[in-house]
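Biologist: I'd like a close look at one part of this model rather than a tour of the whole thing. Could you show me how the strands are put together, and stay with that?

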Amino acid sequence: MEEFVREKKEIPYIKVGNKFKAEFVSMTHDGYAVARIKGLMPKGELKEAFPVFVDLALPKEAGIIELTELKASYAKGKILKLFNDKKVDYRVEPACPNFYDCGGCQLMHMNYDAQLSFKKTMLKETLRKIGGFDDIVLNKIRGAENPNYYRNKVQVPFQLQKGKTVCGFFKSNTHIVSPITTCLIQSDEMTEIVKFIRNLCNEFRIKGYDELNNSGDIRHVLVKESTITGEIMVVFVMTRENVAHMDELYAKLVKRHPKIVSIIENINSQVTNTILGEKQKCVFGKNYIVDKLNGFSFKIGAKSFYQVNHDQTEVLYNLVKKVGKFDKEDILVDAYCGIGTIGITLANDVKEIYAVEIVEEAIKNAKENAKLNNISNIHFECNKAEVQLKKWLDKGVKPTAIVVDPPRKGCDLSLLKTIIELQIQKLVYVSCDPATLARDLKTLVNGGYEISSITPVDMFPQTTHVETVVLLSHKSNNSKVNVNLNFDNEKGKKLIKKVVEDVDSRKEPEGASYPEIKEYILNKYNVKVSSLNIAQIKTKYGIIERECYNKPKSENSRQPNCTKEKEEMIVDALKHFKMI
Ligand SMILES: C[S@@+](CC[C@H](N)C(=O)[O-])C[C@H]1O[C@@H](n2cnc3c(N)ncnc32)[C@H](O)[C@@H]1O
């Protein structure tokens, strides 16, 4: 007994403020180095390899860390001292003086080659963990020629701090704005525009937003720029209309920065994290700017999505064209088409294109863009991709190929179901989120698709994000099995029934399945959560739940509530899978 007590005393407690010697063994998808420490939990339980996520450290390094946050199954820590002899050779001095304070970039302390290899590894791991693709081979990641000054769009929050209007970027994991001085991933002109607007706000007493009280005048400034045509658009997101002195501010701004050809005033009075409000008007110049990609011109509106890295977008679209090997007989669907960039780029290679996008302004731009580039074989619709694809089928459209380029939450399950039912021969999936890509690929592969190639593209140097282009083809179209594609015969009907059943077995209206959520939590926190817990948290966050999980069997039945710790892990998983 005595022995045991003595031994226990020598083992440090795992608690906030305590310091540990640590070796970093791996890196999370969001750029934290992982250390595993031995210690006692506050109630005395011994942990042999308790995970600590540490910002700014790198795998294979070692040093002294201090715990800053403690949860039941993991801690967060900060690095106090890095051992010099353990510093890895791919560590570099971040070129940006704000790197340690600003949450915009996460990898600037790694050289660019190391960033690329981190992204490829992270993608491969995610495909393995979430998709179950164990031995998948990825093509070489397409890195950027210039990993700095690449962003053509910035969105900067404005806040009131100690009575002054400040603007910048949110500090990592906070809603506190770190004032902008310089930014190495956007053009100097965009940074200067934003700083000039901040100075004018203080001159005219235009107040930055106060999130707690939903008060103030100005919430965000967005700047969009074309490095090819030189045109710049500035969008002011205001809490209300008619804020005093805005006209004077606009006049001074365009005088100082004559490349500004468009100023949009957008009104967002809601308590929300969404940046843009519904209502907006053009207060100077035109309501779009023009950029060029691979020789095509594109009008871009304030609300329209446009890829942020011009040069890498050309690389991305060329890759889609190359792997897709489209031909003049192809009837192509461009799902999630934005302002029509992918469809227009491919229009001369195929017979007909059907393109769909949910944002009205983007579709308006897309239609104008087709005209601007003399493209007449592309049809645009403003709708949800999952709804519109069915409408086209009802009208007799018979797609032979489809490109999907969804937002981070991935494809809607019903869209995947329709694709599977149709056995569209060729599918190019462009993804900006490895987790939802892995989930959707799993569904597609279960539905009879085969992955032919996977190529990561670095659209976002210095950050942990990665874009991926995947080519898939339907097995029945590759193999010699003779299945009538009209599904009029029994064999075809049976195959489709099975595929639909397979997909249905996922039984999730949207997002990750219960096993996927559980696996994510087990992998990250080494903790098991129950389906009931997941259902409780999904319900709490307004995600519609299936009857069987969240409803008590009888009115009187009592169900154990999810603990706070588990709730945090489930919320993390739901965020990871873009379900909240
Ligand atoms: C990643 S962007 C890709 C846009 C375009 N392909 C490009 O390369 O610029 C995703 C687009 O999908 C749109 N979107 C989001 N949900 C959608 C849905 N359910 N149906 C159709 N479009 C949707 C967004 O507005 C956005 O324009």
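Modeller: Here is a walk through the sheets, with a stop at the core on the way.

A word of caution before the details: this is a predicted model, so local features need pLDDT of at least 70 and side-chain atom pairs count only at pLDDT 80 or more, while totals for chains, interfaces and linings use all residues. Residues are numbered from 1 along each chain as its sequence is written.

The protein has 16 helices and 21 strands. Those are DSSP runs numbered from the N terminus, with at least four residues for a helix (H or I) and at least two for a strand (E).

Let's start with the sheet that holds S10. Seven strands make up this open sheet, in the order S8-S7-S6-S9-S10-S11-S12, and the pairing is mixed. Two strands pair here if DSSP finds at least two bridges between them. At the edges are S8 (177-179) and S12 (279-285), each pairing on one side only. From one strand to the next the twist averages 30 degrees; axes are lines fitted to C-alpha atoms, and angles run from 0 to 180 degrees between N-to-C directions.

Now for the pairs themselves. Strands of a sheet pair through backbone hydrogen bonds, either parallel or antiparallel. Both senses turn up in this sheet. S6 (residues 153-161) and S7 (residues 164-170) are antiparallel, with four bridges, and Gln161 has Lys164 in S7 as its bridge partner. Their hairpin leaves two residues between the strands, and Lys162 there takes a positive phi near 50 degrees. S7 then pairs with S8, again in the antiparallel sense, over three bridges; Phe169 is matched with Ser178 in S8. This hairpin has six residues between its strands, and Asn173 in the turn has a positive phi of about 55 degrees.

Further across the sheet, S10 and S11 (residues 260-267) run parallel and are joined by seven bridges. Val234 stands opposite Ile263 in S11.

Val234 also takes us into the largest nonpolar core, where Val52, Val194, Val221, Val234, Ala335 and Ile402 touch the most other members out of 149 residues. S10 (residues 232-238) gives the most to this core, with seven residues. Such a core is a set of buried Ala, Val, Leu, Ile, Met, Phe, Trp, Tyr and Cys residues joined through C-beta atoms within 7 Å. Buried means that 20 or more other C-beta atoms, placed from the backbone, lie within 10 Å of a residue's own. By that count, 42% of the 580 residues of the protein are buried.

Ile402 leads on to the next sheet. Apart from neighbours within four places in sequence, Ile402 is in contact with Leu332, Val333, Ala335, Ile419, Ile424 and Leu427, contact being C-beta atoms, placed from the backbone, within 7 Å. Ile402 lies in S18 (residues 401-404), which pairs with S19 (residues 426-431) in the parallel sense over four bridges. Val404 has Tyr429 in S19 as its bridge partner.

S18 and S19 belong to an open sheet of seven strands, ordered S17-S16-S15-S18-S19-S21-S20, with mixed pairing. S17 (378-382) and S20 (449-457) stand at its edges with a single partner strand each, so one side of each has no neighbour in the sheet. The twist here averages 15 degrees from one strand to the next.

Key: Buried ≥ 20, exposed ≤ 12 C-beta atoms within 10 Å, placed from the backbone. Contact = placed C-beta atoms within 7 Å.
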